[in-house]
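Open the model in your viewer and keep the sequence panel beside it. The tour below goes from selection to selection and says what is found at each stop.

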Amino acid sequence: MTRRLIVTGASGFVGGSIVCQAGDAWEVHAFSGREPPIRRDGLVWHRLDLLEPGQVTRAFHELRPNAVIHSAAIADIEYCQTHQDEAWRVNVETARLVAELCREGGVRLVHVSTDTIFDGEKGGYREDDAPGPVNYYGQTKLAAEAAVVATAVNWAIGRLAIVMGLPFFGRGNTFLPKMLVALKEGRQVGVPQAEIRTPVDVVTAGRALLELAGNEFQGRIHLAGNEVVRRVDMARRIAAHVGFSPDLIVPNDPSVIPGRVARPRDVSLDNTVARTTLKTPMRELEDAVDLVMRTKMGN
Ligand SMILES: NC(=O)c1ccc[n+]([C@@H]2O[C@H](COP(=O)([O-])OP(=O)(O)OC[C@H]3O[C@@H](n4cnc5c(N)ncnc54)[C@H](OP(=O)(O)O)[C@@H]3O)[C@@H](O)[C@H]2O)c1
C-alpha cells in the first residue's frame, strides 16, 4: 500500500536526496519555498513558507500523511550566528510546529539533526552522550531535538555527521562540488586541519532517513560513516579516489579566517545503533564516494 510522506526542505541537499530516492512505497509531498526542480509520478510539490504556521497546518490537515521527514533548517553555521532570531524561528519553532502537527495527527516524525550538537572534546559520541553545542547553529539544533522529544509521540531523530556528496537538485549545503571544480582547474583547496568527523554520503543519508520514516525505531540514531577521519584527510582521499592529486588539498587553520564561527573539534559519531538497526548500510569513505558518483541526480 502506498503511504503518504511529507518532506520539508525538499530542494535542499539532504531533502533532495530523500525526494529523489523515495520509491513507489511513498507518495511524496515535498514542502519547499522554491519552484519544483523536477516533476514525476508520485511526487507532489507544495510551495509554501514554513514560517507561516497557517500554511503548514492547512497542508498537514489536507494531506493527512503517514510520515514526515523534517529536514528543513538553516544549516549555514555563519548565517545562524549572525541571524539568531531567524535561525531560532526556522530551526526550532518550525520543528516544534511539525512535531505538534505530527502528535495531533498520529503521524510518524523523522527529525533531521546534526553531530554539531556535541562539543567535540571527546569524539566517538553515542546517542546518549551529553550534548554541548559550541555555536548558535548547534544550539538551535539541540533545542529542536528537545522540542521534538517533548512534543511528538512516534518519532526518530536522525543525527547526521558531515554529509558528503553532490546535490540532487544542483544546490545546497555541500562542500564537494566546489572542491571538484577547484581540483579540475588545478587549484589548491584549503581544508581544516584539526576537525575530525565521520562523513556520511548524501545517498546513504537519504536512504537511512527514508527507512526510518517507514520503520518503528524510536529515539535518536547516529547516521554516520564507518570511518573517523580528519577533514583534510577526507578531502585528500576523495581527491585521490576520483583521480586528482591529493597534494592540491592543503591543511588550514580556520580559526584565523575572519568571521568563521567556532566548530567542534571532534564530533565523530559512533554509528553502532545504525549499523545494527537499519538495513541501509553505513559505509567506508571510498565506497561512499563511489555510491555518490554512480547515483543519478535529479537534474
Ligand atoms: N549538510 C550537512 O553536512 C549536514 C550535516 C548534519 C546535519 N544536517 C542537517 O540536514 C538538514 C538539511 O540540511 P542541508 O545540508 O540539506 O541544508 P540545505 O541544503 O541548506 O537545505 C535546507 C533546506 O531547508 C529549507 N530552508 C532553509 N531555510 C529556510 C527558511 N528560512 N524557511 C523555510 N525553509 C528553509 C530549504 O528548503 P527549500 O529550498 O526546499 O525551501 C533549504 O533548501 C538540516 O536539518 C541540517 O541541520 C546537514
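Start with Arg3, which stands opposite Trp26 in strand 2. Before going further, note that this is a predicted model.

**Stop 1: strands 1 and 2**

Select residues 3–8, which are strand 1, and add strand 2; the two pair in the parallel sense over 6 bridges. Strand 2 covers residues 26–32, and 6 of its 7 residues are buried, so this strand is largely enclosed by the rest of the structure. Now add helix 1: strand 1, helix 1 and strand 2 make a right-handed β-α-β unit.

**Stop 2: helix 1**

Select residues 13–21 for helix 1. How many of its 9 residues are buried? The count is 9 of 9, so helix 1 is largely enclosed by the rest of the structure. Its buried residues run from Phe13, Val14, Gly15 and Gly16 through Ser17, Ile18 and Val19 to Cys20 and Gln21.

**Stop 3: the ligand**

Select the ligand and display what is around it. The ligand is surrounded by 26 residues, the closest being Gly9, Gly12, Ser32, Gly33 and Gly172. Colour this shell by residue class: 14 of the residues are nonpolar, 10 are polar and 2 are charged. Which element gives the most to the shell? Helix 1 does, with 3 residues. Strand 5, like helix 1, supplies at least two residues of the shell.

**Stop 4: the whole sheet**

Hide the side chains and show the strands as a cartoon. An open sheet is formed by 7 strands in the order 3-2-1-4-5-6-11, with parallel pairing. At the edges are strand 3 (43–47) and strand 11 (219–223), each of which pairs on one side only. On average, neighbouring strands of this sheet are turned by 20° against each other, direction ignored. Strands of a sheet pair through backbone hydrogen bonds, either parallel or antiparallel.

**Stop 5: the edge at strand 3**

Select strand 3 together with strand 2; the two run parallel and are joined by 5 bridges. Within this pair, His29 stands opposite Val44 in strand 3. Select Val44 next, whose place is in strand 3. Is Val44 buried or partly exposed? Val44 counts as partly exposed because it has 13 C-beta neighbours inside 10 Å, whereas a buried residue needs 20 or more. Add Val28 and draw a distance between the C-alpha atoms: Val44 and Val28 are 16 residues apart in sequence and 6.2 Å apart in space.

**Stop 6: strands 5 and 6**

Cross the sheet to strand 5 (residues 108–114) and strand 6 (residues 155–160), which pair in the parallel sense over 6 bridges. Two positions are worth labelling here. Val110 has Ala156 in strand 6 as its bridge partner, and Ser113 stands opposite Arg159 in strand 6. Add helix 5 (136–151) to see another crossover: strand 5, helix 5 and strand 6 make a right-handed β-α-β unit.

Keep strand 6 on its own for a moment. In strand 6, 6 of the 6 residues are buried, so the strand is largely enclosed by the rest of the structure. In a regular strand the side chains alternate between the two faces of the sheet. Turn on the side chains: Trp155, Ile157 and Arg159 point one way from strand 6, while Ala156, Gly158 and Leu160 point the other way, and all are buried.

**Stop 7: the loop before helix 5**

Select Pro133, in the loop between strand 5 and helix 5. Why does Pro133 count as buried? There are 20 other C-beta atoms within 10 Å of Pro133, and the cut-off for burial is 20 or more. Leaving out residues up to four places away in sequence, Pro133 touches Thr116, Ile117, Gly138, Gln139 and Leu142. For a contrast, add Leu48: Pro133 and Leu48 are 85 residues apart in sequence and 30 Å apart in space, C-alpha to C-alpha.

**Stop 8: the edge at strand 11**

Finish with strand 11, which runs parallel to strand 6 and is joined to strand 6 by 5 bridges. Label two positions across this pair: Gly158 stands opposite Ile221 in strand 11, and Arg159 stands opposite His222 in strand 11. Strand 11 is mostly covered, with 4 of its 5 residues buried.

Notes
Residues numbered from 1 in each chain as written. Predicted model: local features only at pLDDT ≥ 70, side-chain atom pairs only at ≥ 80, totals over all residues. Pairing = 2+ DSSP bridges. Axes fitted to C-alpha atoms, helices over the stretch in contact; angles between N-to-C directions. Near = placed C-beta within 6 Å. Nonpolar A, V, L, I, M, F, W, Y, C, P; charged D, E, K, R; others polar. Buried ≥ 20, exposed ≤ 12 C-beta atoms within 10 Å, placed from the backbone. Right-handed = clockwise from strand over helix to strand, strands pointing away. Contact = placed C-beta atoms within 7 Å.
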